[in-house]
Amino acid sequence: MTVAEGVFYLIAAVAIIGAIGVVTVPNVVHAAMFLVVSLLAVAGFYILLSNEFLALTQVLVYAGGIAILIMFGLMLTRGSELPTVSTGAQWPAAIIVTLAIAAVLLTAVVDSDWPRDAGEVTYVSIQSLGMTLFREWLLPFEIASVILLVALIGAVVLSRQEEGEA
């Protein structure tokens with residue numbers, strides 16, 4: 001095993017632990033923090049793929065922006081006062097489905113022919129990436145930012161109405 005493979009497995013373990021933490025902890029604030037851990041691990045994958053621009057974008061936009069927006073939304077709407085998730089009758093079915101999905105994924109990974117050396121690396125310049133982002137994907141990007149802004153304003157309005165300040 002090479003050093004790169006060892007780092008990959010370490011980052012993969014962190015990403016999986018973060019993802020499991022998101023869906024298993026009863027506190028929504030802790031779940032949001034596990035989401036940040038998982039998103040930062042994805043940025044680590046980008047660094048392993050020698051794509052520092054996407055890693056930085058992952059950290060700034062997802063781990064930084066969206067996760068912080070979730071945290072502010074939880075704080076403003078008193079998300080920590082929500083009832084905690086209790087164990088119910090769905091756990092046996094969830095475990096069976098989880099094991100089935102894990103078996104399918106493991107079979108796909110084991111049966112696949114993974115190339116060791118893909119040949120030359122295709123380099124994409126930051127300039128061409130920026131031109132594509134701001135020409136072809138500008139409208140979806142702006143729509144997502146407006147939706148997030150509306151959600152944050154709605155959280156502020158809801159929190160003020162609960163306190164009687166509106």
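# A guided tour of the helices and an aromatic cluster

The chain has 6 helices and 0 strands. The model on display is predicted. Colour the chain by secondary structure and follow it from the N terminus: the pattern reads α-α-α-α-α-α. Next, switch on the surface of the chain, which has 166 residues, of which 14% are buried. To see how the chain is connected, display its contacts between residues at least 6 apart in sequence; 61% of these join residues at least 24 apart.

**First stop: helices H1 and H2**

Select residues 3–24, which form helix H1, and residues 28–48, which form helix H2. The axes of H1 and H2 come within 7 Å and cross at roughly 160°. Because of this angle, H1 counts as roughly antiparallel to H2, the cut-off for that description being over 145 degrees. The crossing of the two helices is left-handed.

Now show the side chains where H1 and H2 touch. On H1, the residues to select include Ala4, Val7, Phe8, Ile11 and Ala12. On H2, Ala31, Phe34, Leu35, Val37 and Phe45 are among the residues in the contact. Which classes of residue make up the contact of H1 with H2? There are 17 nonpolar and 4 polar residues, and no charged ones.

**Second stop: the aromatic rings**

Keep Phe8 and Phe45 selected and add Tyr9; ring pairs link Phe8, Tyr9 and Phe45 into a cluster. The structure holds 2 aromatic pairs. A pair of aromatic rings is described by the distance of the centres and the angle of the planes.

Begin with Phe8 and Tyr9. The centres of their rings are 5.6 Å apart and the planes stand at 65°, so this pair is edge-to-face. The cut-off for that label is an angle over 60 degrees.

Turn next to Phe8 and Phe45. Here the ring centres lie 5.4 Å apart and the planes meet at 45°, so the pair is tilted. Where does each partner lie? Phe8 belongs to helix H1 and Phe45 to helix H2, so the pair ties together parts that are 37 residues apart in sequence.

**Last stop: exposure of the rings**

Show the surface again around Phe8 and Phe45. Are these residues buried, exposed or partly exposed? Phe8 has a relative accessibility of 38% and therefore counts as partly exposed. Phe45, with a relative accessible area of 22%, is also partly exposed. For a residue to count as buried, the value would have to be under 20%.

Technical notes
Residues numbered from 1 in each chain as written. Predicted model: local features only at pLDDT ≥ 70, side-chain atom pairs only at ≥ 80, totals over all residues. Heavy atoms only, no water. Phe/Tyr/Trp six-rings, centres within 6.5 Å; stacked < 30°, edge-to-face > 60°. Buried < 20%, exposed > 50% of the residue type's maximum accessible area, 1.4 Å probe, protein only. Helix = DSSP H or I, 4+ residues; strand = E, 2+ residues; numbered from the N terminus. Axes fitted to C-alpha atoms, helices over the stretch in contact; angles between N-to-C directions. Parallel < 35°, antiparallel > 145°, perpendicular 65-115°, else oblique. Left-handed = near helix turned anticlockwise from the far one by under 90°. Contact = heavy atoms within 4.5 Å. Nonpolar A, V, L, I, M, F, W, Y, C, P; charged D, E, K, R; others polar.
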